[in-house]
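Student: Could you walk me through one helix in this model, starting with what is tucked away inside it? After that, I'd like to see how its surroundings are put together.

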Amino acid sequence: MPVLPVDPPHDADVLIVGSGYTGLSAAIATARGGRKTVVIDAEAAGFGCSTRNGGQISTSVKPSLEKLTAKFGAQKARAIRGEGEQALKWIGEFIDAEGIDCDFRRVGRFHAAHTPAHYETLVRDADQMRKGEGIESFAVPRAEQHREMGTDFYHGGVVFTKHCSLHPAKYHRGLLMAALKAGVEVVSHCPVGRIENTGSGFRVQTAKGEVRARDVIVATNGYTGALTPWLQRRVIPIGSYIIATEELPETLIDELFPTDRIASDTCKVLYYYRASPDRRRVLFGGRVSAAETDTSVSAPLLFESMIRIFPQLKTCAISHSWHGTVAYSFDELAHTGVHDGVHYAMGYCGSGVSMAGYLGMRTGQKVLGLAEGKTAFDDLPHPTRPLYTGKPWFLPATVAWYRWMDKRQTRRAMVTEPSRL
């Protein structure tokens, strides 16, 4: 880990709050554009989901083209969906250009159906995306499922061939080193207490003194708090939990993940998993309870879910358990814009590995006044809900309902189409 300055400077052209993918990508853009750029974080650089995620990279935009068209019209819908494709393309090109060693691979994703009905819907939707948006995929019926994954738990799935994987902490380290090389000052353990718009710039009160800045970018995503109450009311912090198995025999990894793809499923409370980059362990993640919990509780719950999918792992041990906080939005879309003069980008809805860096980069370009900084997310309404202040009191009931529905659908599918195990 490089040695970082202890205190922030007294002034900066650009001050960025948050040192994850969004903040560092914005910082690289502004620093390379000639702006004195400072990044500060309440925790260590990269604390949270930027270094503790599943390392899976998709096209990032959750609502379908059909749903977005109904809401925004065909042209805007295509532009929004296209940003997901651009983010996926951008991260690969950026990693290659910067020479970041982070186990980046274009492996594809196997998206598994937890019932036969979900398989039919998944295949139909994938066919529409292939024809209407050019998103490459192919269907894998249950009879051929073992060529993609060593399990009988699912009822087939679809492979999205362009999805990718990486090592999240190595990727963050590469971003950090690129930012430092560009001249960015990164200050850890420096909470911000207040951001004041003076009309000609900003006065930012931190635990280590005041910083005056021409521009401010807030890049806090799942850790957005009372510092920015308007933003806090528009993102829903949700914990995501991951375990890693002990090192496993090569033959077992080859059985479980013969194509080395990343994987996820169609459950509302979904699971995501993969072999580790060195193909020695299984990394398994998801949401394990209706309320937030800690890793000592989440690890055994994730293990139970993992062995339902992969009973071959029932005797293995868990070596690591961790979690991070992602941010959902009420419309399931990322958002970027300016509020009270402060730039922001956040709300990646669990698909932020590519989108966070991409929108961070675009936000940096906006601060520089560059036309290419404009995105299809810029002028979207940014909804909240009455009485919501940033504490998702509704989440436990929602998650419990979705989990009950997932289990009910899975049990029914097992009765109508029994497992081969």
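Tutor: Happy to. In α5, the buried residues are P168, Y171, H172, G174, L175, L176, A178 and A179. Buried means under 20% relative accessible area, exposed means over 50%, and partly exposed is in between (1.4 Å probe, protein chains only). Helices (H or I, at least four residues) and strands (E, at least two) are DSSP runs, numbered from the N terminus. Please keep in mind that this is a predicted model, in which local features need pLDDT of at least 70 and side-chain atom pairs count only at pLDDT 80 or more, while totals for chains, interfaces and linings use all residues. Residues are numbered from 1 along each chain as its sequence is written, and side-chain values use heavy atoms, leaving out hydrogens and water.

What covers those buried positions? The cover over α5 includes α1 (21-32), α3 (74-98), β8 (185-187) and α9 (352-367). The helix itself has the length one would expect: at 1.5 Å a residue, the 14 residues of α5 (residues 168-181) should span 20 Å, and the end C-alpha atoms are indeed 20 Å apart. That expected span is 1.5 Å times one less than the number of residues. After α5 comes G183, with a positive phi near 100 degrees.

Now look at α1, one of the covering elements. The axes of α1 and α5 are 9 Å apart, and the two helices pack at an angle of about 25 degrees. Axes here are lines fitted to C-alpha atoms, for helices over the stretch in contact, with angles running from 0 to 180 degrees between N-to-C directions. The pair is therefore roughly parallel, since angles under 35 degrees count that way, over 145 as roughly antiparallel, 65 to 115 as roughly perpendicular and the rest as oblique. On the α1 side, Y21, L24, S25, I28 and R32 take part, and they meet P168, Y171, H172, L175, L176, A178 and A179 of α5. Contact means heavy atoms within 4.5 Å.

Two other covering helices, α3 and α9, also meet each other. Their axes come within 8 Å and cross at roughly 90 degrees, so α3 and α9 are roughly perpendicular. From α3, the contact uses E83, G84, Q86, A87, L88, W90 and I91, while α9 brings V353, S354, M355, G357, Y358 and M361.

G84 and L88 have another partner: T59 touches G84, E85, L88 and H163, not counting residues up to four places away in sequence. T59 sits in the loop between β3 (56-57) and α2 (65-72), and T59 is buried, with a relative accessible area of 13%.

As a biochemist you may also wonder about cysteines. How many disulfides does the structure hold? Zero, where a disulfide is a pair of cysteine sulfur atoms within 2.5 Å. For C49, the closest cysteine sulfur belongs to C349 and is 13 Å away, too far for a bond. C164 is in no disulfide either, as the nearest cysteine sulfur, that of C102, lies 10 Å away. C164 counts as buried at 2% relative accessibility, and C49 is buried too, at 14%.
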